[in-house]
Amino acid sequence: MTDQFPKTSSVLSMLLSATPPIPAGSDVMTATVELPPGDQGTPPHRHSGPVFGYMLEGEMIFELEGEPERLIKAGDAFWEPGGDLIHYRAANNLPDAWSRFVVVMICAPGQDMMTFPDAEELAARAHLRAPRAVVR
């Protein structure tokens, strides 16, 4: 990939590469998210399209449906495919410091960027959630 760029003194470091489905007419948003010490983040939710992120500082416990929780640290890139998949956690893992990350969210045409499943749906999908491990 770096062969496509002219030689300069700039340095391009590939952090993450993915080929998500992006419908024509999608909106793209870039935002920063700042989590206070110990914050549990947004309740379980889903995004209408893929989300790409980069952890600027701190640590985040990240959990997607069907995957075990994992720790994202400053300098790590992450993504989620969006769609029907539930995003369970994006919590600050630090009890005494803020955690910050930047996200690029792709919103499917005519849909909300984020929706929240109700308690009934969460219970019906509980079998899809990976066993939770203590992440530190």
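Which residue in β8 is the bridge partner of Ala31? In this predicted model, the partner turns out to be Val103. That pair is a handy way into the fold, since strands of a sheet pair through backbone hydrogen bonds, in either a parallel or an antiparallel fashion. Here β1 and β8 go for the antiparallel option, with nine bridges between them.

Stepping back, these strands belong to an open sheet of four, which runs in the order β1-β8-β3-β6 with antiparallel pairing. At the edges sit β1 and β6, each of which pairs on one side only. Leaving direction aside, neighbouring strands of this sheet are turned against each other by 20 degrees on average.

Next comes the largest pocket, with a volume of about 210 Å³. Its lining is made up of 18 residues, and the closest to the centre are Val33, Thr42, His45, His47 and Phe101. Two or more lining residues come from each of β1 (27–35), β4 (59–64), β6 (77–80), β7 (87–92) and β8 (99–107). Sorted by class, the lining has twelve nonpolar residues, five polar ones and one that is charged.

Finally, a look at one loop residue. Glu65 is found in the loop between β4 and β5 (70–73). Is Glu65 buried or exposed? Its relative accessibility is 8%, so Glu65 counts as buried, the cut-off being under 20%. The side chain of Glu65 also has a partner: a polar contact of 2.6 Å joins it to the side chain of Arg125.

How values were computed
Residues are numbered from 1 along each chain as its sequence is written. This is a predicted model: local features need pLDDT of at least 70, side-chain atom pairs count only at pLDDT 80 or more; totals for chains, interfaces and linings use all residues. Side-chain values use heavy atoms; hydrogens and water are left out. On a 1 Å grid over the protein atoms alone, a cavity is a set of points where a 1.4 Å probe fits but cannot get out, and a pocket is an open set with protein on both sides within 12 Å along at least five of seven lines; lining residues have an atom within 4 Å of a point. Grid points are joined across faces, edges and corners, and a volume is the space filled by probe spheres set on the points. Ala, Val, Leu, Ile, Met, Phe, Trp, Tyr, Cys and Pro count as nonpolar, Asp, Glu, Lys and Arg as charged, and the others, Gly among them, as polar. Two strands pair if DSSP finds at least two bridges between them. Axes are lines fitted to C-alpha atoms, for helices over the stretch in contact, and angles run from 0 to 180 degrees between N-to-C directions. Buried means under 20% relative accessible area, exposed over 50%, partly exposed in between (1.4 Å probe, protein chains only). A polar contact is a pair of N or O atoms within 3.5 Å; within protein, one must be able to donate a hydrogen and the other to accept it, and residues adjacent in sequence count only if both atoms are side-chain atoms.
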